[in-house]
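Q: Got a minute to go through this model with me? I'd like to start with the strands and then jump around.

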Amino acid sequence: MPPPHRLPLASPWHHAGADLYRLQALDRSMLGAPSLYLAASDGVAWQNPQGPIDLRADDWLGSGTLRNSFYVEPWARLTAVRELALVIDAQGSLRVRVMCASLGKPAQVLRETRLETAERGRLVLPIGAIDALPQNSRLFWHVDAIDGARLHEAAWCTRTRPSESTRLAVLMRTFGRTLDLRQQLMRLADAAAGDAFLGAALASMDFWVLDASPRAQGLWRDAADHGLNLRVLSGPNLGGGGNASHLIHHFLAACDAAPDEAPDEVLILDDDGVVSMESMARYLLGCTLRTRQHITSLPILMKSRPAQVWEDGGFWGRLNFHEHGEFGRRRNLSPHLLKHGLSLEGFEHLDAFSPLNHCEYATFIFFGLPTAVLRRVGLPAAFFLRGDDIEYSLRAQAAGVEVITNPNLAAWHEPGHSYGQEYMAILHAVLINLTHSESDAADLSRWFEQRLAEHGAIGDLDGITLYLRVIDALLDTDGPLLTPTFQTHYLAALPACAATPMATLPEADRQRLERDAATNGLLIRPFLYPGYQADAGRHRAVVLVNPGAGTYRELTPGDPPQRLALMQRYLASLQRLTAEFSGLQAHWRARLAASGQAPFWAEVAARHANATHALYQGSFAPREAPTAPETPLRPTAALPPAVPIRELRQRLERELSQLSRLRQAEAAAPASARAQRAASSRHAAWHGRWSAWWQALWTTPTRQRPRPASTQALPPDFDPAQYLALNADVARTGIDAAVHYAQFGRREGRRYRL
């Protein structure tokens, strides 16, 4: 197998006396929305992740998308990369442009060249020093096929040699989602099959899995089929957070037992998240070249809406994101998700990811850090689920560790919420704020008073009971919460939260229900945070919906004495929480701090030693390529049929250039000289014919649709005729030249005149 980080086009391969090492290549994994990967002209088929991309004459292909743009800041500021080059592995006749875009500025052409070869070859475009590029920039390439062409690979490379000794431990835990987790492992192995670079990257990763599912042993009998460096453990269900720390404890114990083989980096992955092998390889390369310690995460997109961002990191409870907020350390009990809801269906929001994104917390869906930082910060707190990643991020920042998201990576995950998850989210939010916030008893009391007012106004006794359980848990200082038997608290509390009945409601029925609500006298509100509804009593019924789960429930009229008794209990517990706030804060601070340390989890592991077993341990086995070897570098099939487009375009460009010079000379000449030349037109009849044709081209009115307002910002030297002549694919569509350039051409870096 070639060296893990050598560009796998040939071995050895040199350029200008030095090796080039791959940083980012094409991601064609097709996870999520296809529009996130490549942009292409109609008819270009690029979805095959293994094969080359064929381009007909006048076809074009561009990498200016979320998954294949090269965001400069993470590489420039967090790694040792200092020089860049773009390597195109192709054959045929094509033009390549390297484009640079930055926030609030149009794209500009950095490099442009042509490739003319019937044999497969490599084109190297040096970009130069990475710190000489504009700040907050995004690079991408644009390929125009002059005649038939075939693109085999495109990779951003550097002369900086990565550390080949870096190893990455990938930690995953699951309960009831073994098949989802194994499907992710299979996707990674399939993507690396036949790709020397991705195979070498996968060989540098050690996968650790803790499966707390019932009958886990039977689910891993064929674990060797993955062909990975894989170790599988089974154990008790301590929740997502508890299972993570239980797994980390065993991982660190193995590192202590064999320090020479211990991985340098750790990556925590969720069991039902989706991430491509190319993202994993890019992250590994970032680890091998890192120059400072930090925590890395990535943009999270939704599985159900694969082009919509759920979060790009976040800030915990910061009041400055709200109207009349402040920048102090007081916090509320909810996160602020960065770029939440941002749509990436088009290209207009891509540059929002260009600045290096410092955030306050990152999610355990994808959470990477050096092993040394993991040891210094400690293990995740003893939270069953929800908030463990927030608490750990805040603790890391208090220790001086940055939290950053990398837009060169991406993952897909589906959010969800329920009464049980809300119980854990709010309980853990209060515990986090007791340590990481300066909010006082009055702030906490106001928050719980608001919940009582909102759910009480609509008669939602289950909603009131949910938050009463949170308050009672905070008052129970003798309970198992945040102790080595912490899971018993949740195993007792969560079934009660799940007892609230919610019926399934198909999406079409939900939309109809909301549409006809006024006619039917219904008040429809979200099942959590319904807002204060002063006129709820005027409606025939109140219906609470959980859109994420597709469920609903209709509130039944409550018994007034029962409602008042519940509210009295709620206020009595809240009054006690406020009165005992200082003592409770000291108690929970101490417990939270202890639950994130190694001795705590050593005790947890000792308690569950008999229930924790090693199910499998195997080594990486390279999988054979699904196609024939790439060498010798010759096409395996005929190129797309060639047409004389190149000759026609060259001829047209020469004629347009000559006409442009004549037109400029004519406009600059004095009036007397123009009159004299007109009198001698017999000696220059050919010029007269061309001049008349040229003048008619520009003066004859044409019936065109009115241009939208966006075309008013065209460059002053924009030439519609030359734009259509230079971009035949645009001319074939019949779209107005100015409209196309304003909406698409500027972004794609198209030329509009000679």
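A: What follows is a short run through a sheet, some salt bridges and a few helix residues.

Q: Is this experimental or predicted?
A: The model is predicted.

Q: OK. What is the strand order in the open sheet of 4 strands?
A: The order is 15-24-17-18, and the pairing is mixed.

Q: Which strands stand at the edges?
A: Strand 15 (274–275) and strand 18 (309–311) do. Each has a single partner strand, so one side of each has no neighbour in the sheet.

Q: How do strand 17 and strand 24 run, parallel or antiparallel?
A: They run parallel: strand 17 covers residues 300–302, strand 24 covers residues 411–413, and 3 bridges join them.

Q: And what stands opposite Met302?
A: His413, in strand 24.

Q: Switching to charges. How many salt bridges does a search of the whole structure find?
A: The search finds 30.

Q: Start with Arg22. Which side chain does it meet in a salt bridge?
A: That of Glu153, with 4.0 Å from N to O. Arg22 is in strand 3 (residues 21–25) and Glu153 in strand 10 (residues 137–158), so the salt bridge ties together parts that are 131 residues apart in sequence.

Q: Are those two buried or exposed?
A: Arg22 is buried, at 2% relative accessible area. Glu153 also counts as buried, because its relative accessibility is 17% and the cut-off for buried is under 20%.

Q: Strand 10 again: what does Asp144 pair with?
A: Asp144 meets Arg97 in a salt bridge, 2.4 Å from N to O. Asp144 lies in strand 10 and Arg97 in strand 8 (residues 83–102), so this pair ties together parts 47 residues apart in sequence. Both residues are buried.

Q: And where does the Arg177 to Asp272 pair sit?
A: Those two side chains form a salt bridge at 3.0 Å, N to O. Arg177 is in the loop between strand 11 (168–174) and helix 2 (178–192), while Asp272 is in the loop between strand 14 (265–269) and strand 15. The two are 95 residues apart, so the pair links distant parts of the chain.

Q: How accessible are Arg177 and Asp272?
A: Arg177 is partly exposed, with a relative accessible area of 38%. Asp272 counts as buried, at 10%.

Q: Which residues do salt bridges with shared partners join into one network?
A: Arg22, Glu153, Glu278 and Arg282.

Q: You mentioned helix 2. How far does it reach?
A: Helix 2 has 15 residues and spans 22 Å from its first C-alpha to its last, close to the 21 Å expected at 1.5 Å a residue.

Q: Which of its residues are buried?
A: In helix 2 the buried residues are Thr178, Leu181, Arg182, Gln184, Leu185, Leu188, Ala189 and Ala192. They cover an arc of only 150° around the axis, which puts them on the same side of helix 2.

Q: Why do residues three or four places apart point the same way?
A: An α-helix has 3.6 residues a turn, so positions with that spacing point the same way.

Q: What follows helix 2?
A: Gly194, whose phi is positive, near 80°.

Q: Last one. Where is Gln585, and is it buried or exposed?
A: Gln585 lies in helix 16 (residues 581–595). It is buried, with a relative accessible area of 15%.

Q: How far is Gln585 from Asn433?
A: Gln585 and Asn433 are 9.3 Å apart in space, C-alpha to C-alpha, and 152 residues apart in sequence.

Terms used: Residues numbered from 1 in each chain as written. Predicted model: local features only at pLDDT ≥ 70, side-chain atom pairs only at ≥ 80, totals over all residues. Heavy atoms only, no water. Pairing = 2+ DSSP bridges. Buried < 20%, exposed > 50% of the residue type's maximum accessible area, 1.4 Å probe, protein only. Expected span 1.5 Å × (residues − 1). Arc of directions from axis to C-beta.
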